[in-house]
Amino acid sequence: MTETNKPAPGMNRRGFLKAGLAAGGAAAFGGAAFSGAAGAGESDPLITEVQDWNRYLGAGVQAAPYGVPSAHEAHVVRRDVEWLTASTESSVNFTPLHALDGIITPNGLCFERHHGGVADIAPADHRLMINGLVDKPLVFTMADLMRFPRENRVYFLECAANSGMEWRGAQLNGCQYTHGMVHCVMYTGVPLKTLLDEAGIKTNGKWVLAEGADAAGMTRSIPMEKALDDCLVAFKMNGEALRPEQGYPLRLCVPGWEGNMWVKWLRRLEVGDEPWQQREETSKYTDLLANGKARRFTWVMDPKSVITSPSPQMPIAHGKGPLVVSGLAWSGNGRIKRVDVSIDGGRNWTTARIDGPSFSKALHRFYLDIDWDGSDLLLQSRALDEHGFYQPTKNALRAERGENSIYHNNSIQTWHVKEDGTVENVEVS
Ligand SMILES: Nc1nc2c(c(=O)[nH]1)N[C@H]1C(S)=C(S)[C@@H](COP(=O)(O)O)O[C@H]1N2
Ligand SMILES: [Mo]
């Protein structure tokens, strides 16, 4: 141990690790760690020579009136898979989960799923109509909506087709592609119940049809129980106006339920006595079973998790020694109670540490801090929610649902970490 990485009097272990890091303190981790910086005795020009950013003034305030990420983060972007869809207007791109931390998705990185492109609507031109089985049909302007009591809530949104390409076997090399049809933001909006109460639901009003103003005219039937429970008519995400891609100026939040129901550019809510059997709840977003019958109205997104780092786009670059294994877990039923991580393909499991806020129907961040010995790993995670529902293996899921499905794949994902630190998507079930 060199003089510099000896703990100062009163310094805790955490402070000691930090001090060791600053000094390139390999000693603290048996020599293998922190090989990026020059070792003791060598001189590091990044320390000994004055750098440009230290010599010259930087950009002034207002250089970027709406800030953008550092140019060094330019690789952290949404990405699409060209062969997946015939056009970009009815398509999807994916959240770069591998490069993010915590539980909130930055607005510019939330995956997009459109069926008819992004509608461009001036707030002054937007209307929300409530009609059907109500005492008093109503039309709200955005200005009207701003006068109702509002709430802030953090929710994940997952497309039912997330991980759909992985049903039959490992396909896409990166959690951005296998699991990136999920995002989690704080919404500000008016509870749907408040608006429905304003119109007055007739006693035979049992369903609500939500309709979008985009070229796709997305329409979905929502049972009244859910509409009156926790649905939100949102106009803000992470504090600022919804992004155009996310439904500006108004979208419906249907917490814990499949993303397709979260109608963007929300323009109409019709109250009815039965579901409307729209395209998106019959021909699409149903689950074709092995016997040829399809499950319908499979709304809740079951417990799921994925290790975001290491992962194919986030290989281990530092060799053996301390390794932060990190990932995300979520459940449409409520909070995540526990996440287990396996490094040997599901034979042995260790409970991971959940860090950060634990909100119902929101992403949860977990960590497992291990000492990697440099050997092959088969990394898996499995989530358990507060209602006792477990994330299944792929085989368990296929035994129940067959091989025809696309939607609602919440099975356990495996990453093969190789000795050189590269990572590949494999199936171990
Ligand atoms: N009006 C409208 N709403 C929509 C869609 C759409 O194409 N049009 N796509 C749905 C689907 S399939 C999903 S998964 C989510 C995606 O939301 P996002 O683009 O904010 O990620 O929006 C849903 N709401
Ligand atoms: Mo979706």
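The exercises below, each with a worked solution, concern a predicted model of a protein chain with a ligand.

**Exercise 1. Confidence in the model**

Find the mean pLDDT of the protein chain, and decide over which residues pLDDT stays under 50.

Solution. Begin with the chain as a whole, for which the mean pLDDT is 92, while 91% of the residues reach 70 or more. Then turn to residues 1-33, where pLDDT stays under 50 and where the model has 37 contacts beyond four places in sequence. Where pLDDT is low, the predicted coordinates should not be read in detail. The 37 contacts of residues 1-33 therefore call for this caution.

**Exercise 2. The surroundings of ligand 1**

State how many residues surround ligand 1, and work out how this shell divides into nonpolar, polar and charged residues.

Solution. The shell around ligand 1 holds 21 residues, and the closest are His115, Cys159, Gly212, Met218 and Gly259. Sorting the shell by residue type gives nine nonpolar, seven polar and five charged residues.

**Exercise 3. The partners of strand 12**

Determine in which direction strand 3 and strand 7 each run relative to strand 12, and name a residue pair for each case.

Solution. Take strand 3 (residues 127-132) to begin with: four bridges join this strand to strand 12 (residues 266-272), and the two run parallel. Within this pairing, asparagine 131 has glutamate 270 of strand 12 as its bridge partner. Next, consider strand 7 (residues 207-212), which is joined to strand 12 by six bridges and runs antiparallel to it. Here alanine 210 stands opposite leucine 269 of strand 12.

**Exercise 4. An open sheet**

In the open sheet of five strands, identify which strands stand at the edges, and explain what this leaves on one side of each.

Solution. Write down the order of the strands, which is 18-17-21-22-23, with antiparallel pairing. Strand 18 (350-351) and strand 23 (423-426) stand at the edges and have a single partner strand each, so one side of each is left without a neighbour in the sheet. For strand 23, look at its pairing with strand 22 (residues 414-417): four bridges join these two antiparallel strands, and threonine 414 stands opposite valine 426 of strand 23.

**Exercise 5. Backbone angles in the loops**

Locate the cis peptide bonds at proline 249 and proline 310, and then decide whether asparagine 238 and phenylalanine 297, which have positive phi values, are exposed or partly exposed.

Solution. Most residues other than glycine have a negative phi, and most peptide bonds are trans. Tyrosine 248 and proline 249 are joined by a cis peptide bond with omega about 10 degrees, and proline 249 is in the loop between strand 10 (240-241) and strand 11 (251-253). Serine 309 and proline 310 are likewise joined by a cis peptide bond, with omega about 0 degrees, and proline 310 lies in the loop between strand 15 (304-309) and strand 16 (321-330).

Turning to phi, asparagine 238 has a positive value near 50 degrees and lies in the loop between strand 9 (232-237) and strand 10. Because 17 other C-beta atoms lie within 10 Å, asparagine 238 is partly exposed. Phenylalanine 297, with a positive phi of about 50 degrees, is found in the loop between strand 14 (294-295) and strand 15. A residue counts as exposed if 12 or fewer other C-beta atoms lie within 10 Å, and phenylalanine 297, with 12, is therefore exposed.

Conventions:
Residues numbered from 1 in each chain as written. Chains lettered and ligands numbered in written order. Predicted model: local features only at pLDDT ≥ 70, side-chain atom pairs only at ≥ 80, totals over all residues. Near = placed C-beta within 6 Å. Nonpolar A, V, L, I, M, F, W, Y, C, P; charged D, E, K, R; others polar. pLDDT = per-residue confidence, 0-100. Contact = placed C-beta atoms within 7 Å. Pairing = 2+ DSSP bridges. Buried ≥ 20, exposed ≤ 12 C-beta atoms within 10 Å, placed from the backbone.
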